[in-house]
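Let's take a walk through a protein chain together. Have a look at the structure first, and then we'll go through it part by part.

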Amino acid sequence: MLAFCFIAHQVLFADASGKHPLVPALYVFGDSTVDPGNNNHLNTIAQGIRWPYGIDLNNVRGRHTNGKNVADFFATYLGLPMPPPFLNLSDSERSQIKTGINYGSGACGILNTIRVGECLSLAQQVKYFTITRMKDLPKALKTQKKVREHLAKSIYFFSIGLNDYHPDVNNNITSKFSSTSFANHLLDEITKHIKVH
């Protein structure tokens, strides 16, 4: 699994009160390790809707865990609320959120061909982030200067790549590469998505 965290400034200590978050927002991209319920809106078996998913999080369904996922813990550490799933939000709700959104989708990979049923590919997750950046944040923050400052100080967390190596999901694509060249191929692909935005 590849996990990346892009931080525009140094993170030292969280304010225990939660009143002063360390950063303005956390934007999350990835697979089932961070999916908070986006897949519940898609035609896929990779949904976190069955028991025991959510039993330690007030029975909130959608995460592929019994409680919080790694992105939720990270948000809490930063003094932020857990980023909501993009697909759970209406247009109106999205234009009010300033603390981050989670675009993660279970059973997807870095490569667009990696999937089990419907999922939000990394490319689609980045497209949804572009909607957030170009349409929703300007409504929430009112000026382009504030949007630029907000984005520059925010954290972008990527947790993805496990399914790219999974033989039941990747259609033996790894057999076309050496292990090092496949890892480099994945890094090249994820870098394309990061550099675009």
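## The disulfide

A disulfide is a pair of cysteine sulfur atoms within 2.5 Å. Keep in mind that what you see here is a predicted model. The structure has 1 disulfide, and Cys108 and Cys119 are the two partners, with their sulfur atoms 1.6 Å apart. Which hand does the disulfide of Cys108 and Cys119 have? The torsion about their S-S bond is about 105°, so the disulfide is right-handed.

Now find the pair in the chain. Cys108 and Cys119 both sit in the loop between helix 2 (91-94) and helix 3, so the disulfide ties together parts that are 11 residues apart in sequence. Are these cysteines buried or exposed? Buried means under 20% relative accessible area. Cys108 comes out at 0%, so it counts as buried, and Cys119 counts as buried too, at 9%.

## The overall layout

Time to zoom out. The chain contains 6 helices and 3 strands. Start at the N terminus and you'll meet them in the order β-β-α-α-α-α-β-α-α. The chain has 197 residues, and 46% of them are buried.

How much of the contact list joins residues at least 24 apart? Take the contacts between residues at least 6 apart in sequence, and 68% of them do. As for the outside, the chain exposes about 10000 Å², and carbon and sulfur atoms supply 56% of that area.

## Two nonpolar cores

Here's a handy bit of background: in soluble globular proteins, nonpolar side chains tend to be buried together. In this model, the largest nonpolar core has 27 residues. Tyr27, Phe29, Tyr103, Leu122, Phe129, Leu151 and Tyr156 are the ones with the most contacts inside it. Strand 2 (26-30), helix 3 (122-141), helix 4 (144-153), strand 3 (155-160) and helix 6 (179-196) each put in at least two residues. Which of them gives the largest share? That's helix 3, with 7 residues.

There is also a second, separate core, made of 11 residues. Val23, Val28, Leu78 and Ile155 are among them.

## A closer look at helix 3

Helix 3 has a kink of about 35° at Lys135. The proline Pro138 follows shortly after that kink.

Just past the end of helix 3 comes Lys142, in the loop between helix 3 and helix 4. Its phi is positive, near 80°, even though Lys142 is a residue other than glycine. Lys142 is exposed, with a relative accessible area of 64%. Ala107 also has a positive phi, of about 70°, and isn't a glycine either. You'll find Ala107 in the loop between helix 2 and helix 3, but this residue is buried, with a relative accessible area of 10%.

## Two buried histidines

Let's finish with a pair of histidines. His150 belongs to helix 4 and counts as buried, at 7% relative accessibility. Which residues does His150 touch, leaving aside its neighbours within four places in sequence? They are Pro24, Ala25, Tyr27, Lys98, Leu137 and Leu141.

His193 lies in helix 6 and is buried, with a relative accessible area of 15%. Again leaving aside neighbours within four places in sequence, His193 is in contact with Ile110, Leu122, Ala123 and Val126. You've already met Leu122 as one of the residues with the most contacts inside the largest core.

Technical notes: Residues numbered from 1 in each chain as written. Heavy atoms only, no water. Helix = DSSP H or I, 4+ residues; strand = E, 2+ residues; numbered from the N terminus. Buried < 20%, exposed > 50% of the residue type's maximum accessible area, 1.4 Å probe, protein only. Contact = heavy atoms within 4.5 Å. Areas by Shrake-Rupley, 256 points an atom, 1.4 Å probe, with all protein chains shown as cover. Core = buried A, V, L, I, M, F, W, Y, C linked by side-chain atoms within 4.5 Å. Bend = angle between axes of the 7 residues up to and from the residue.
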